Amino acid sequence: MTLQLTVIGCSGSFAGPDSPASCYLLRTEHDGRTWSLVLDLGSGALGALQRHTDPLALDAVVLSHLHPDHCLDLTGLHVMRSHHPTVRANGRLPVHGPAGTSERLARAHGVEGASDVSDVFDFVTVTDRRDFEIGPFRIVPIAVN
């Protein structure tokens, strides 16, 4: 199995003129199809991601933590998935992240208050050192300072 890693953005705490904030696209062929997941989807990453893959075709998003430079473009992905005529029929996109991910994104998405985004995303809480699988990908989250 060959793994392809594409750095979508790595500019640091905010999107820069030449790079979005943190976002890494992982792709591999498995069982006759291409699997795609994104590690983080920080500020400015959704636009740049579209140069490399269709964000509507992602199999999952994995968030390292909940700072805006690692998760804020999920609000744009929510809009994209909410208004696409066929994507909603395919089910919710798994978003693996730390405890409180759904609440964090609800606060970021809402204007006058939190706005539930679980209509589009299936939030899965990751736990330190408890591995999980997304298709052919095996992820082992390890907490760091």
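Mentor: Let us begin with a term: two residues are in contact when they have heavy atoms within 4.5 Å of each other. Please also keep in mind that this is a predicted model.

Trainee: With which residues is Thr6 in contact, leaving aside its neighbours within four places in sequence?
Mentor: Thr6 has its place in strand S1. Strand S1 spans residues 3–9 and pairs with strand S2, residues 23–30. Leaving aside neighbours within four places in sequence, the contacts of Thr6 are Cys23, Tyr24, Leu25, Arg27 and His52.

Trainee: Is Thr6 buried or exposed?
Mentor: A residue counts as buried under 20% relative accessible area and as exposed over 50%. Thr6 has a relative accessible area of 13%, and therefore Thr6 is buried.

Trainee: How far apart are the C-alpha atoms of Thr6 and Asp18?
Mentor: Along the chain, Thr6 and Asp18 are 12 residues apart. In space, the separation of their C-alpha atoms is 15 Å.

Trainee: In which sense do S1 and S2 pair, parallel or antiparallel?
Mentor: Strands of a sheet pair through backbone hydrogen bonds, either parallel or antiparallel. Six bridges join S1 and S2, and one of the bridge pairs joins Gly9 to Cys23 in S2. The sense of this pairing is antiparallel.

Trainee: How many bridges join S2 to S3?
Mentor: Strand S3 covers residues 33–41, and S2 and S3 run antiparallel. Leu25 stands opposite Val38 in S3, and Tyr24 has Leu39 in S3 as its bridge partner. The number of bridges joining S2 to S3 is eight.

Trainee: Which residue in the turn of the hairpin formed by S2 and S3 has a positive phi?
Mentor: The hairpin has two residues between S2 and S3. One residue in this turn has a phi of about 55°, although it is not a glycine. That residue is Asp31.

Trainee: Is Asp31 buried or exposed?
Mentor: Asp31 belongs to the loop between S2 and S3. Its relative accessible area is 70%, which means that Asp31 is exposed.

Trainee: What is the relative accessible area of Arg129?
Mentor: Arg129 is found in the loop between S6 and strand S7 (132–134). Arg129 also has a positive phi, near 65°, and is a residue other than glycine. Arg129 is exposed, with a relative accessible area of 57%.

Trainee: Which strands stand at the edges of the open sheet?
Mentor: The open sheet has six strands in the order S1-S2-S3-S4-S5-S6, with mixed pairing. Each edge strand has a single partner strand, so one side of each is left without a neighbour in the sheet. These edge strands are S1 and S6 (121–125).

Trainee: At about what angle to S6 does helix H3 run?
Mentor: Helix H3 comprises residues 74–83. H3 lies across S3, S4 (60–62), S5 (93–97) and S6. The angle between H3 and S6 is about 145°.

Trainee: Which elements do the buried residues of H4 pack against?
Mentor: Helix H4 covers residues 101–109, and Thr101, Arg104, Leu105 and Ala106 are buried there. The elements that the buried residues of H4 pack against are H2 (68–71), H3, S5 and S6.

Trainee: How far apart are the C-alpha atoms of Ser43 and Ser22?
Mentor: Ser43 has its place in the loop between S3 and helix H1 (45–49), whereas Ser22 lies in the loop between S1 and S2. Not counting residues up to four places away in sequence, Asp69 is among the residues that Ser43 touches, and Asp69 is also among those that Ser22 touches. Although Ser43 and Ser22 are 21 residues apart along the chain, the separation of their C-alpha atoms is 7.6 Å.

Trainee: What is the relative accessible area of Ser22?
Mentor: Not counting residues up to four places away in sequence, Ser22 touches several residues, including Gly9, Asp40 and Leu41. Ser22 is buried, with a relative accessible area of 8%.

Trainee: Which residues that line the largest pocket are the closest to its centre?
Mentor: The largest pocket has a volume of about 440 Å³. Of the 16 residues that line this pocket, the closest to its centre are Leu63, Ser64, His65, Pro141 and Ile142.

Trainee: How many nonpolar residues does the lining of the largest pocket have?
Mentor: The lining can be divided by class. Three of its residues are polar and two are charged. The number of nonpolar residues is 11.

Conventions
Residues numbered from 1 in each chain as written. Predicted model: local features only at pLDDT ≥ 70, side-chain atom pairs only at ≥ 80, totals over all residues. Heavy atoms only, no water. 1 Å grid on protein atoms, 1.4 Å probe; cavity = no way out; pocket = protein on both sides within 12 Å on 5 of 7 lines; lining within 4 Å. Points joined across faces, edges and corners; volume = space filled by probe spheres on them. Nonpolar A, V, L, I, M, F, W, Y, C, P; charged D, E, K, R; others polar. Pairing = 2+ DSSP bridges. Helix = DSSP H or I, 4+ residues; strand = E, 2+ residues; numbered from the N terminus. Buried < 20%, exposed > 50% of the residue type's maximum accessible area, 1.4 Å probe, protein only. Axes fitted to C-alpha atoms, helices over the stretch in contact; angles between N-to-C directions.
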